[in-house]
Amino acid sequence: MNLKSLTKLGKEKVSPSWILFKKTFTFNLFTPLKFLLSVIFMILIPEIGILILNPIDIPLEYQFLSLIGYFVVIFTFNIIFSLIMIFSAAPLISDEIRSGTMLTLISKPISRIKIIGSKYLALLSYGLFISCCSLVFISLSALFKFPAVEVFQFFIIHLLYSILVLFIFGSLTISFSTIFKKPRNAALIPAVVVVFTFLIFMSFRSMLMWSFEPGEMPIYEKYQLYHFDLGYHLANVYYLIVESIISIIPTEMVFFFELFGLYKFDFNSLEYTQTNYYSPIGSLILLLVLTVIFLVIGIFYFKKRDISI
Amino acid sequence: MESEQALNFKNFEIWTHELTKVYGRGNKSIKAVKGINFVMNPGIHGFLGPNGAGKTSTINMLIGAISITKGEAKIRGKEAGSVEARKLIGFLPQDPAFYDYMIGEDYLIFKAQLSGMHKNEAKEKANELLKHFEMDTAKARKIGKYSGGEKQKIGLAASFIHNPEILILDEPTANLDPIGRGNLIKLIKELSKDMSIFVSSHVLSEIEQMCDTVTIINKGEIIITDSIKNIKNFYSKTTNLHILDTSSNEKIIQDIEKLDYISRVWIDEKEKKIYIDSEDTEKLQEIIPTLLVKNRVLLKSFYQPESSLQDIFIELMKEDDS
C-alpha cells in the first residue's frame, strides 16, 4: 500500500458549509422516528378537532379557520412545534462541544460563523419541513371532511406563522446552545419560556386584564406587561398574517385573540374592543429584532469561546 | 514591502513568537503557556513535556480551538487558527471524539468533504484508507461499536484523508497497545515523506524513534528546542557517567569506591557492569589503568554512554525544577 498515492488524490472543491448543513439535517435532525413522532404530536389535537366537528357546525369557511386555527396556533405551533424546535436546536452546538467532536470540526477550514450558520439553516429547513408536512396533513383531512372549506388560505396563514415561531425559538435555543455545554441546560430556559407563556400565563392573562372595580386600571395595563408578553406579540403577528391573507378578521376569531390580550371585553358596552398596545407591525419588528439579537449573541459567544475537552 | 519578520515566519512550517495562553481572569487565572518561541522545519517535530506542561494548550492555539492571549503563531506564514491556516493542517486530538451514530466510511467521507474534497474522491480515498488500516469489515459498522484501537485508526485516517501539508498529532499513541504504537510510528514515518508532522508526546522513546527535531516544554516554558542529534551530542559531553566492565567487577569496585571524587558507583543488576558517577572525569580516566593493573583484572570495556532522550529529559526537568 503506497500512502503517497493516497495523499495525492484530486482537489475538486465542495463547500464545507453545505456538507455540514447536510450532515446536521440528515444525522442530527431528520431521523424517521423523530420526524414521525413530531408530526403525530403536531397534528394530534387539530385532527381530533376535525374528527369531532360535524360538517353542519361549519357553515362558513372562516369558522373552520377560527375553530381549527385556534388549536393549530395554540397547541401545534405555540407549544408542540416550539418544544420540538427547542429540543432539536439545543444539542446542535452544545453536544458537539461536550463530546469533543467540535474540536476536530473547528480544525477544518470552515469559520465558526459558518458552522453556526449551517446548523441554524439546517434547523430552519427541518422546522419548515415538519411544519409543511403537518399542515398538509391537517389541510387534506379537513378538505376530505369539509369540502367547502378554503384550506389554501388556512395552509398559508399557519405556514407563515410557523416560520416566525421557528425563527424565534430556533435563534433563542441555538444561542443558548453555544453558551451551555449540556443540551438540557441549553433547552431549559427556552422550554420554561414556552411553558410559562403558553400554558401558565395564558390562564392568567384574561384575569390580569379585568378591572375588578370601576375606574381601576387592569394590572396588565398598569404594569404594561404586554411589553414582555411573548404570547401577545405572537398573536399580534398572527393577526397581521390573517388580515393580510383574508383581508378581514373574522368575528369568530375575536374570542381567540382575547385570550392573547389583543381584545378585551368592555362590560359597559358589552362588546369586545381592540387593545392596540402595539401595532401588529410593531410586534413583528420587535420579534424579528429579538431573533436577530439572540443570533448575534450566539454567534459572538461561539466565535470567542475556547473549545477544549 | 514585507518586513523581515514576515519573511522569517514564512520559511517555517510552524512559527511562534511569545505565544501565551492564560485561562481565567484575576487571581484565579492560570498561565498555561508562558510566551514560548519555537519554529518547526519540514520533517517530524516532537513536542515533549510532562503532563500539564502546556502541550495541548499550545496545539489548541495552533489549530484555532482556543484564543491566543498574547503573542502570535503562524502556520506556513498564515495566522494560526485562520481558515487559510486550517486549510494546511490535519489534526488528531489527544482523545478523539466521534459521531457514534455514523458508520466509519461515512465519517471519513464527511471529514474529507469538510476539507473541500469532492464526494467521489472522498469515497475512493476513504475506502483505500480503510483497506490500509485493515478495517474493510468495520467500515459499515457504526463508530459507536468500534474498539479503542479501531477508533484510533479511524481518527488518524480522518486527520490526513484530505492530504494536509502539516499534520498535528496530540499524543497519538496514548490509547494504543505496544503493537499499535509500533505500527503508528511506522505510519508516521511513512506519512512524513509527504507532509510535515508535529507530534506531541510524553513517551520519549517514541519521539526519539520518530522525530528529527524536538521542542521540550515544562510548566508552560520552552526548555530546549533543537535537533535530537544536537541535543544528544551536547548532553553526552556534559555527562559524568562512565561504564566499566572487567573480568572481576566485584574486586575493582572496592578500590573505585575509595576515590574521593566519585559521587556514586554501583553494579547494574541486569548488565553486571560498573556504573561510575564521577565529579572529575579526567582523573577517573587516568586512574582506571592503574587500578586494573593493581587488581590484576582484564578490561572488557570502559566508555561514556550516549545519553538517551529520556536521560536528557529527566535531567532537564530536574534542572528546571531546581
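Q: How many cavities of 30 Å³ or more does a search of the whole structure find?
A: This is a predicted model, in which local features need pLDDT of at least 70, side-chain atom pairs count only at pLDDT 80 or more, and totals for chains, interfaces and linings use all residues, while side-chain values use heavy atoms, without hydrogens and water. Residues are numbered from 1 along each chain as written, with chains lettered from A and ligands numbered from 1 in written order. A cavity is a set of points on a 1 Å grid over the protein atoms alone where a 1.4 Å probe fits but cannot get out. The search finds cavities numbering 3.

Q: How much space lies in the largest cavity?
A: Its lining comprises 16 residues (each with an atom within 4 Å of a point), and Thr104(A) and Phe91(B) are among those nearest its centre. Volume is the space filled by probe spheres set on the points, which are joined across faces, edges and corners. For the largest cavity this is about 110 Å³.

Q: Which residue of the aromatic pair Phe196(A) and Phe201(A) is buried?
A: The two rings are stacked (centres within 6.5 Å, planes under 30 degrees apart), at 5.7 Å centre to centre and 25° between the planes. Phe196(A) has 43% relative accessibility and is therefore partly exposed (from 20% to 50%, with a 1.4 Å probe and protein chains only). At 13%, below the 20% limit for buried, the buried residue is Phe201(A).

Q: What is the angle between the planes of Tyr226(A) and Tyr278(A)?
A: Tyr226(A) is buried, with a relative accessible area of 11%. Its ring lies 6.4 Å centre to centre from that of Tyr278(A). The pair is edge-to-face (over 60 degrees), with an angle of 75°.

Definitions and conventions:
1 Å grid on protein atoms, 1.4 Å probe; cavity = no way out; pocket = protein on both sides within 12 Å on 5 of 7 lines; lining within 4 Å. Phe/Tyr/Trp six-rings, centres within 6.5 Å; stacked < 30°, edge-to-face > 60°.
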